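I opened this model to look up its fold, its packing and any enclosed space. My entries follow in the order I worked.

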Amino acid sequence: MDRDFLIDLFSNFRPVTIRRMFSGFGISADGINFALALRSGLYLRADEQTIARFEAEGSKPFQYQTKAKTVTVGSYWHLPERLYDDPEELTDWAKAALAAAQRAALRKRPKGRKAAKKAVAEKKPAVKKKRAAGKTAKRQS
């Protein structure tokens, strides 16, 4: 899949931004990534509200192989093949994928300034490095 094909595919949905990502493209609308176009196909963002729709179509979640195991990414599901030829229904699926991505973004966002400060504080190491005795002595002289 190339960039022009993807822009045409989502033209009934809304303008999308296509960015290079991994071995393919990330597809976003309103600054939120809602689809992935990879060598293995096109994947839409899914969540607990939309996964049943993908399962009913026989779609599978995105998977990739590492040296040790197969990793399944349950938040992106393969686009059913029939939707490539049905722009109106593809638009409905794209809207649902964008909504799932927006819900996920809301869950990740810290609530208020205190929560944001707490999140930053939790990432910082609690142990402070001590200055070498020689450096302290030089400053005092």
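**Burial.** I call a residue buried when its relative accessible area is under 20%, with a 1.4 Å probe and protein chains only. The model is predicted. By that cut-off I find 33% of the 141 residues of the protein chain buried. I put the exposed surface of the protein chain at about 10,100 Å². Carbon and sulfur atoms supply 53% of that surface.

**Fold.** I listed 5 helices and 6 strands in the protein chain. Along the sequence I read the order as α-β-β-β-β-α-β-β-α-α-α. I then took the contacts between residues at least 6 apart in sequence, and 46% of them join residues at least 24 apart.

**Nonpolar core.** I next asked which residues have the most contacts inside the largest nonpolar core. They are Phe10, Phe13, Ile27, Phe34, Leu42 and Leu44, in a core of 25 residues. I traced the core back to its elements: helix 1 (3-9), strand 2 (24-29), strand 3 (32-38), strand 4 (41-45) and helix 3 each supply at least two residues. Helix 3 gives the most to this core, with 6 residues. I noted another core of 5 residues apart from it, with Leu36, Leu38, Tyr43 and Phe62 among them. For background, I recall that nonpolar side chains tend to be buried together in soluble globular proteins.

**Leu42.** I picked Leu42 for a contact list, leaving aside neighbours within four places in sequence. From the earlier part of the chain I noted Met1, Leu6, Leu9, Phe10, Ile27, Leu36 and Ala37 as contacts of Leu42. Trp77, His78, Leu79 and Tyr84 are also in contact with Leu42.

**Cavity.** I then searched for enclosed space. Rolling a probe the size of a water molecule over the atoms shows where empty space is left. How many cavities of 30 Å³ or more does the whole structure have? I found 1. I record a volume of about 30 Å³ for the largest cavity. Its lining consists of Arg45, Thr50, Arg53, Phe54, Trp93, Ala96 and Ala97. Helix 2 (51-56) and helix 3 (87-108) are the elements that give two or more residues to this lining. The largest share, 3 residues, comes from helix 3. By class I count 4 nonpolar, 1 polar and 2 charged residues in the lining.

**Cross-reference.** I flag helix 3 in both lists: helix 3 gives the most to the largest nonpolar core, and the largest share of the lining of the largest cavity comes from helix 3.

Conventions. Residues numbered from 1 in each chain as written. Predicted model: local features only at pLDDT ≥ 70, side-chain atom pairs only at ≥ 80, totals over all residues. Heavy atoms only, no water. Helix = DSSP H or I, 4+ residues; strand = E, 2+ residues; numbered from the N terminus. Buried < 20%, exposed > 50% of the residue type's maximum accessible area, 1.4 Å probe, protein only. Contact = heavy atoms within 4.5 Å. Areas by Shrake-Rupley, 256 points an atom, 1.4 Å probe, with all protein chains shown as cover. 1 Å grid on protein atoms, 1.4 Å probe; cavity = no way out; pocket = protein on both sides within 12 Å on 5 of 7 lines; lining within 4 Å. Points joined across faces, edges and corners; volume = space filled by probe spheres on them. Nonpolar A, V, L, I, M, F, W, Y, C, P; charged D, E, K, R; others polar. Core = buried A, V, L, I, M, F, W, Y, C linked by side-chain atoms within 4.5 Å.
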